[in-house]
Amino acid sequence: AAVSVLLAEDDPINQLVGREMLKMLGCEVDVVDDGAAACAAVRTGRYDLVFMDCHMPVMDGGETIKRIRNSGELWKDIPVIALTVDAMRGDKERYLAMGMSDYISKPVDSRELAAKYVSLLRGVAAKNAA
């Protein structure tokens with residue numbers, strides 16, 4: 001079965017690019033453009049992985065990840081990769097402290113995206129096998 005990925009991103013060009021990169025990795029991709037929609041989508045339980053822009057309207061990445069992690073639901077531990085233009089020293093730690101599983105700075109490099117995707121999927125596969 002194909003890996004089901006949610007891309008939460010409000011910029012139409014980044015949506016297009018992100019979707020294409022993920023499709024090339026063999027994913028089924030759904031796109032939402034704000035954090036509230038991302039929370040609702042994750043709640044369906046049908047995604048294996050989430051790529052989330054941190055600066056979205058309605059609800060930003062920080063608030064969205066907090067709601068997912070504190071939900072107490074089966075999907076609260078879903079791997080979530082932060083996509084962000086914040087690439088200063090300390091930003092990665094800040095995002096991991098918020099509850100993000102990993103972090104990619106924008107503009108997204110397709111090789112970096114592929115590498116993070118593969119390493120997180122290994123973790124998902126190992127957890128599912130346990």
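Trainee: Are Glu9 and Lys106 buried or exposed?

Mentor: In this predicted model, Glu9 is buried, and Lys106 is buried as well. That word is used for residues under 20% relative accessible area.

Trainee: What makes the pair Glu9 and Lys106 a salt bridge?

Mentor: The side chains of Glu9 and Lys106 come to 2.8 Å, taken from N to O, and the cut-off for a salt bridge is 4 Å between a side-chain nitrogen of Lys or Arg and a carboxyl oxygen of Asp or Glu, so the pair qualifies. The two partners come from distant parts of the chain, Glu9 from the loop between β1 and α1 and Lys106 from the loop between β5 and α5, and they are 97 residues apart.

Trainee: Which residue is joined with Glu9 and Lys106 into one network, and how do you know that?

Mentor: Salt bridges that share partners join Glu9, Asp53 and Lys106. Asp53 forms a salt bridge with Lys106, with the closest N and O atoms 3.0 Å apart, and since the limit is 4 Å this pair also qualifies. Asp53 lies in strand β3 and Lys106 in the loop between β5 and α5, so this salt bridge ties together parts that are 53 residues apart in sequence. Both Asp53 and Lys106 are buried.

Trainee: Why is Arg111 called exposed, and Asp109 partly exposed?

Mentor: Arg111 has a relative accessibility of 64%, and because exposed means over 50%, the residue counts as exposed. Asp109 stands at 28%, which falls between the limits of 20% and 50%, so Asp109 is partly exposed. These two residues form a salt bridge with each other, the closest N and O atoms being 3.1 Å apart. The structure holds 10 salt bridges.

Trainee: How many disulfides does a search of the whole structure find, and why is Cys27 in none?

Mentor: The search finds zero disulfides. For Cys27, the closest cysteine sulfur is that of Cys54, at 19 Å, whereas a disulfide needs two sulfur atoms within 2.5 Å, so the distance is too far for a bond. Cys39 is in no disulfide either, with the nearest cysteine sulfur, again that of Cys54, 13 Å away.

Trainee: Why are Cys27 and Cys39 called buried?

Mentor: Cys27 has a relative accessibility of 7%, and Cys39 has 6%, so each falls under the 20% limit and counts as buried.

Trainee: Which residues of helix α2 are buried, and how do you know that they lie on the same side?

Mentor: In α2, which runs over residues 35-43, the buried residues are Gly35, Ala38, Cys39, Ala41 and Val42. They cover an arc of only 165° around the axis, and therefore they sit on the same side of α2. The elements that cover these buried residues include β1, β2, β3 and α3. At the start of the helix, a side-chain oxygen of Asp34 reaches to within 2.9 Å of the backbone nitrogen of Ala36, and α2 is followed by Gly45, whose phi is positive, near 75°.

Trainee: Which residues have the most contacts inside the largest nonpolar core?

Mentor: Leu6, Met52 and Met100 have the most contacts inside this core, which has 22 residues. At least two residues of the core are supplied by each of β1, α2, β3, α3 and β4, and α2 gives the most, with four residues. Apart from this core lies another, of 17 residues, among them Leu7, Val29, Leu83 and Ile104.

Conventions: Residues numbered from 1 in each chain as written. Predicted model: local features only at pLDDT ≥ 70, side-chain atom pairs only at ≥ 80, totals over all residues. Heavy atoms only, no water. Buried < 20%, exposed > 50% of the residue type's maximum accessible area, 1.4 Å probe, protein only. Arc of directions from axis to C-beta. Contact = heavy atoms within 4.5 Å. Polar contact = N/O pair within 3.5 Å; in protein donor to acceptor, adjacent residues only side chain to side chain. Core = buried A, V, L, I, M, F, W, Y, C linked by side-chain atoms within 4.5 Å.
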